[in-house]
Amino acid sequence: ETYTYVGSPSRNSMSQDDPFFGELFRAPTQAFAPQGWVACAVYHDASTAVNDRNVVMVTGGGSGQSIYIRRTNAGTNTAALYVDNNFKESFTLLPDRWNYIALQYDMSGATWSGRAFVDGVAMTATHTDPRSAETTGGVYFGGMTNGKFTYYAQAIVYDNTADAGQTPYFVTRVY
């Protein structure tokens, strides 16, 4: 699958083969920040989609708890936001196309927060849950298909919630 955007030549995407269902790939440990954004373009293929797959996830190193966006129902193209592993709010993805998914999160204080965006538009309110602050952790991307490839492009991790992480930035090379 090729990721494109208006006014641009085609860009390459990365595919994740998910033969064992629900496998995650992890960004380098240095990418974790206690607050910020995780954003990526994901091709949502309704014909191979399956339920209960995490799309993007940030996990605290001390607690093992997470803030994440999960595709919850493939038949209705429904996804949901979870904060501290607790369901908060559902929203809809558009099938058979690229969706630019962004998770704004904060694990830096005694109250965690998360908010989901698709294509630059807020899909959920900011939701919170009481939990101790984290200083270490991991950033993960997950497969969404039934033994097929999940396509990703423009995976970006921001270390500040003040950044405009919901807005796609198109980078061809990073040093």
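In the predicted model, Arg70 has Ala80 of strand β6 as its bridge partner. This pair belongs to a longer ladder, for β5 and β6 run antiparallel and are joined by six bridges. The two strands form a hairpin with four residues between them, and within this hairpin Asn77 takes a positive phi near 60°. On its other pairing, β5 meets strand β4 (residues 53-60), again in an antiparallel arrangement with six bridges. Here Arg53 stands opposite Arg71 of β5. β4 and β5 likewise make a hairpin, with five residues between the strands, and Gly64 in the turn has a positive phi of about 75°. Strand β5 itself, spanning residues 66-73, is mostly covered, as six of its eight residues are buried. A reader following the strand residue by residue may find it handy to recall that side chains in a regular strand alternate between the two faces of the sheet.

The nonpolar interior comes next. The largest nonpolar core has 26 residues, and those with the most contacts inside it are Val56, Ile69, Leu103 and Tyr105. The elements that give two or more residues to this core are β3 (35-44), β4, β5, β6, β8, β9 and β12. Leu103 offers a helpful viewpoint on these surroundings. With its neighbours within four places in sequence set aside, Leu103 is in contact with Gly36, Trp37 and Val38, with Val56 and Val58, with Ile67, Tyr68 and Ile69, and with Leu81 and Arg115. A second core, separate from this one, has eleven residues, including Ala39, Ala102, Phe117 and Ala153. Ala102 also appears in a pair with Val121: the two are 19 residues apart in sequence, and their C-alpha atoms lie 9.4 Å apart in space. Val121 is placed in strand β10 and is partly exposed, with a relative accessible area of 48%.

Charged side chains add further links. Side chains of opposite charge can pair when their charged atoms come close. The count in this model is three salt bridges. One of them joins the side chains of Arg131 and Asp84, at 3.0 Å from N to O. Arg131 lies in the loop between β11 (127-130) and β12 (137-142), while Asp84 lies in the loop between β6 (78-83) and β7 (86-92), so the pair ties together parts that are 47 residues apart in sequence. The two partners fall into separate accessibility classes: Arg131 counts as partly exposed at 28% relative accessibility, whereas Asp84, at 6%, counts as buried.

Another salt bridge is formed by the side chains of Asp129 and Lys88, with an N to O distance of 2.8 Å. This pair links distant parts of the chain, since Asp129 is in strand β11 and Lys88 in strand β7, 41 residues apart. Asp129 counts as buried because its relative accessibility is 11%, a value under the 20% cut-off. Lys88, with a relative accessible area of 21%, is partly exposed.

The remaining salt bridge to describe is that of Asp119 with Arg97, whose closest N and O atoms are 2.9 Å apart. Asp119 sits in the loop between β9 (111-118) and β10 (121-122), and Arg97 in strand β8 (residues 97-106); the pair links distant parts of the chain, 22 residues apart. Asp119 is partly exposed, with a relative accessible area of 34%, and Arg97 counts as partly exposed at 31% relative accessibility.

Asp119 is also notable for its backbone. Although not a glycine, Asp119 has a positive phi of about 55°. Asp96 is a further case, with a positive phi of about 60° although it is not a glycine. Asp96 is found in the loop between β7 and β8, and its relative accessible area of 45% makes Asp96 partly exposed.

Note on methods:
Residues numbered from 1 in each chain as written. Predicted model: local features only at pLDDT ≥ 70, side-chain atom pairs only at ≥ 80, totals over all residues. Heavy atoms only, no water. Salt bridge = Lys/Arg side-chain N within 4 Å of Asp/Glu carboxyl O. Buried < 20%, exposed > 50% of the residue type's maximum accessible area, 1.4 Å probe, protein only. Pairing = 2+ DSSP bridges. Core = buried A, V, L, I, M, F, W, Y, C linked by side-chain atoms within 4.5 Å. Contact = heavy atoms within 4.5 Å.
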